[in-house]
Amino acid sequence: GKKDTGTDSDSNVPTDALTLLNTVWDSYTDDEKFPAAGGDYEHSVDGAPGAFDISDTDNLTYLLSVPAEDADKLDDAASLMHMMNANTFTCGALRAANADEVEGLAQDMRDAIQSKQWMCGFPDKLVVFTYDRYVVALYGNEDLVNTFRDKLTAAYGDAVVAYDEAII
């Protein structure tokens with residue numbers, strides 16, 4: 001028999017991190033969108049989220065604030081960043097290889113973002129979500145972060161806001 005968990009959330013879980021980010025980005029109106037790019041240095045996408053090569057630990061750390069010791073805990077990633085300044089908006093969607101790693105990865109992402117040394121602008125806030133095996137960490141301008149937060153929670157009602165705080 002089928003186990004009834006009381007939710008129908010499994011059908012809504014995206015197949016990969018890029019699908020998760022595209023679902024959120026596609027819910028933006030044209031007026032809400034900002035100049036954006038996604039992906040990594042080798043696989044950049046203009047105007048939309050892009051897949052991120054998780055084998056490049058240096059890029060994961062530099063662009064998405066993933067602690068180097070957490071890189072091997074991932075099996076997929078995607079990104080969306082403000083095209084003019086990453087401190088205005090940066091979002092990384094990370095899928096943990098093991099569901100048991102999600103909470104620790106969310107904490108590590110929060111700690112890494114809070115401890116960054118900022119140059120070329122100071123972001124206002126950070127938000128870290130957990131959803132199934134995903135951790136979505138974003139930071140930047142408060143209005144842009146809040147819009148993304150609201151769009152993600154509308155698209156994925158079972159997503160949990162693990163952290164929503166000012167960057168200090």
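This report covers the pockets, the nonpolar cores and one buried loop residue of a predicted model.

## Largest pocket

The largest pocket holds about 420 Å³ of space. Its lining comprises 19 residues, and those closest to the pocket centre are Tyr-41, Tyr-62, Leu-63, Met-81 and Ala-86.

Three elements each contribute at least two lining residues: β1 (36-38), α2 (57-64) and β4 (74-82). The largest share, three residues, is from α2. By residue class, the lining of this pocket consists of nine nonpolar, eight polar and two charged residues.

## Second largest pocket

About 160 Å³ of space is found in the second largest pocket. Two asparagines, Asn-85 and Asn-87, line this pocket together with Lys-116, Gln-117, Trp-118, Met-119 and Cys-120. In this lining, three residues are nonpolar, three are polar and one is charged.

## Nonpolar cores

In soluble globular proteins, nonpolar side chains tend to be buried together. In this model, the largest nonpolar core has 26 residues. Within this core, the residues with the most contacts are Leu-20, Leu-80, Phe-89, Val-136, Leu-138, Phe-148 and Leu-152. At least two core residues come from each of α1 (17-26), β4, β5 (89-96), β6 (125-131), β7 (134-140) and α4 (142-155). The element that gives the most is α1, with five residues.

A second core, separate from the largest one, has 24 residues, among them Ala-71, Val-102, Ile-113 and Trp-118. Trp-118 also belongs to the lining of the second largest pocket.

## Contacts of Phe-148

Phe-148 is one of the residues with the most contacts inside the largest core. When residues up to four places away in sequence are not counted, Phe-148 touches Leu-21, Val-24, Tyr-28, Leu-80, Phe-89, Cys-91, Val-136 and Leu-138. Of these partners, Leu-80, Phe-89, Val-136 and Leu-138 are also listed among the residues with the most contacts in that core.

## Val-66

Val-66 is located in the loop between α2 and β4. Its relative accessible area is 1%, so Val-66 counts as buried, the cut-off being under 20%.

Leaving aside neighbours within four places in sequence, the contacts of Val-66 are Leu-60, Thr-61, Ala-71, Leu-74, Leu-94 and Met-109. One of these partners, Ala-71, is included in the second core. Val-66 and Leu-105 are separated by 39 residues in sequence, while their C-alpha atoms are 8.7 Å apart in space.

Definitions and conventions
Residues numbered from 1 in each chain as written. Predicted model: local features only at pLDDT ≥ 70, side-chain atom pairs only at ≥ 80, totals over all residues. Heavy atoms only, no water. 1 Å grid on protein atoms, 1.4 Å probe; cavity = no way out; pocket = protein on both sides within 12 Å on 5 of 7 lines; lining within 4 Å. Points joined across faces, edges and corners; volume = space filled by probe spheres on them. Helix = DSSP H or I, 4+ residues; strand = E, 2+ residues; numbered from the N terminus. Nonpolar A, V, L, I, M, F, W, Y, C, P; charged D, E, K, R; others polar. Core = buried A, V, L, I, M, F, W, Y, C linked by side-chain atoms within 4.5 Å. Buried < 20%, exposed > 50% of the residue type's maximum accessible area, 1.4 Å probe, protein only. Contact = heavy atoms within 4.5 Å.
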